[in-house]
Amino acid sequence: MKKIILGLIITLSIFNIFGCQNKDTYDPYWEFEKSNHFRPKLNKGDFFKLSGYDFGWFVLEPLSKFVKDKEHEIENGKSLSYGQKSLYYWWYLDAQVANGGFVQFYYNGYAPYVQTIIKGLEYIGDKKMADLVKRADEIYQKNKKLMNKAQQEDLFGSDLYERLDELSLLDDEYYELNEKTISLLEKFIRNNPNEICLDENGEEFDMNFTGLCKTFYEDKVVKEEFNLVKGVINGEFKSYYPNGISKEKIDYINGVQTGEREEYYENSKLKYNVIIDSSKKYTIHQWFYENGNPIKLETKLVDKDERRGEYKEWYENGQLAESGTYISGYEREGEWLEFYEDGSKKVEAEFKNGNFILHNYWDKKGEQTLTNGTGVYINEYSISKDRVYRNEHEYKNHKRDGVQKTFRNEILTLYQVMVNGKEHGITKSYYNNGNLEKETVYENGKVISEKKFSKYKNPKVKTTIISRLCENCYEDQEDYVFPDNKPNPINTEELESKFKGAEVSMFEPYGDDHEMGYSYIVFVDKKGNVTESKFWAADNGWITEQIEHNIKKMKFEPALKDTVPIKSIHFVQHRFKLIE
């Protein structure tokens, strides 16, 4: 089964650097100059505490910062050992395939890394994953012309997945092998730490050490303490806040977490804990507010992070908000109850064979508007502070029957007529400005006719330029100092009004409500002039040339340090949306 691409980010800098390469050509990424070997300093506590993807990213992050970006990958990559390269380049593969499959991996221009990825997988002993990547590359090589042509268009909504179905069929095999690969990477790093890193004191890891280990804050206050037995963590891992208050406790047996742990707020109140039930099959996870009241309770399987059993949530005042039972990671079964913050009833329902069956519902005033599955059910929820949704559904005999409405921020977004749980009659969807988007006529759940409407009668593209200091960028640029002020661009209004290149037709694959974005890292000199821009992310690559030309014209207020003008780094976005 293919994974659905929720958001596509095209790494255009790869296209700019590499042309087409034969898979048998010289591999510059696999070069290693041992005399210049870069080994980052890693905290011993995290090195022994973390596992899986958390451990992989912990090791990878300083390597990525050292390499800086793809323009310096070949040169700086020579300072990475073969084990470091194995982790670094596999992460490219995993990030792409896990999001959109092998098709997305090749579409986004990562083909130049394939031979390095294969060598890295073989180096850590992962023959199965290496063989899978080889098979994927053989399919790509046969279809390179098709891929090259497709790269000139937008992948989202295209038929490339169908045309490269042979390649897509390998995705499921990748997902099955994925966990084993990260396990082998972790095993390799733990068995060969001194090829990869040093500890926080710049010393090599002694993987034969037995005894108590401690790490410290800068003022020599203990930060973490744990026991090792021949380089393997065993017993209780403890960490502390700078004030000495306990922060975290995790139990280990021979390097593996038992599952039991505790986390605390700085006021010493319990924040989160995990205990193992008497059957040893389940773990009980509990989260707490800072006032000590519970937030949530989840029952999970011991051997994997998946809900299975009792589930509860509470309001901060201690009142129960909802409760029920999970029989799999996302599937509920049996009674489901919901309450208002004052403790009064809201919902009495049940899940049966995957279906949500409403029995009774009370509104905020205490009035029962749905009884024994018949009446009106209102459900209001928010995804973010600026986005509130409300469903108003009519029910009859436990099935949706009558008018169904969905609102976002009090604007109607969906109107349906249903009979006996199926669409029957007219369904209307609306744009976020309230205008009609689509009108569909159903008969007993089947589409009879459909009409689509434009959001605007005379649409045009509005350009907005957003800029902020790129705080994280300063960590990777030794010759830049973070300024005292926040220098803003001074000519964005002019550049926005005169920008040419964004056409209404760009929005056809996305819809009239879509807001399109192009992001860059922009380097500015002491006088506020742009000296360089580096691509970061975008919805597509259609107008990057025009945007980069626009960025060159940007003027900024001078950045200041102790009143002296200095260079600065900014994160700049060009955003486009349709307006009337």
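A residue is termed buried when its relative accessible area is under 20%. By this criterion, 22 of the 26 residues of helix H5 are buried, so the helix is largely enclosed by the rest of the structure. The model examined here is a predicted one.

Helix H5 comprises residues 82–107 and departs from a straight course. Its end C-alpha atoms are separated by only 26 Å, whereas a straight helix of 26 residues would span 38 Å at 1.5 Å a residue. A kink of about 130°, centred on Gly 100, is found in H5. Beyond the helix, H5 is followed by Gly 109, which has a positive phi near 85°.

Gln 104 is located in H5. This residue counts as buried because its relative accessibility is 3%, against a cut-off of 20%. A polar contact of 3.0 Å joins the side chain of Gln 104 to the side chain of Gln 96.

The internal space of the model was also examined. Over the whole structure, one cavity of 30 Å³ or more is found. The largest cavity holds about 40 Å³ of space, and its lining is formed by Glu 380, Val 388, Tyr 389, Arg 390, Phe 407, Arg 408, Asn 409 and Glu 410. Strands E19 (387–396) and E20 (399–408) are the elements that give two or more residues to this lining. The most is given by E19, with three residues. By character, the lining of the largest cavity consists of four charged, three nonpolar and one polar residue.

Definitions and conventions
Residues are numbered from 1 along each chain as its sequence is written. This is a predicted model: local features need pLDDT of at least 70, side-chain atom pairs count only at pLDDT 80 or more; totals for chains, interfaces and linings use all residues. Side-chain values use heavy atoms; hydrogens and water are left out. Helices (H or I, at least four residues) and strands (E, at least two) are DSSP runs, numbered from the N terminus. Buried means under 20% relative accessible area, exposed over 50%, partly exposed in between (1.4 Å probe, protein chains only). A polar contact is a pair of N or O atoms within 3.5 Å; within protein, one must be able to donate a hydrogen and the other to accept it, and residues adjacent in sequence count only if both atoms are side-chain atoms. The expected span of a helix is 1.5 Å times one less than its number of residues. The bend at a residue is the angle between axes fitted to the seven residues ending there and the seven starting there. On a 1 Å grid over the protein atoms alone, a cavity is a set of points where a 1.4 Å probe fits but cannot get out, and a pocket is an open set with protein on both sides within 12 Å along at least five of seven lines; lining residues have an atom within 4 Å of a point. Grid points are joined across faces, edges and corners, and a volume is the space filled by probe spheres set on the points. Ala, Val, Leu, Ile, Met, Phe, Trp, Tyr, Cys and Pro count as nonpolar, Asp, Glu, Lys and Arg as charged, and the others, Gly among them, as polar.
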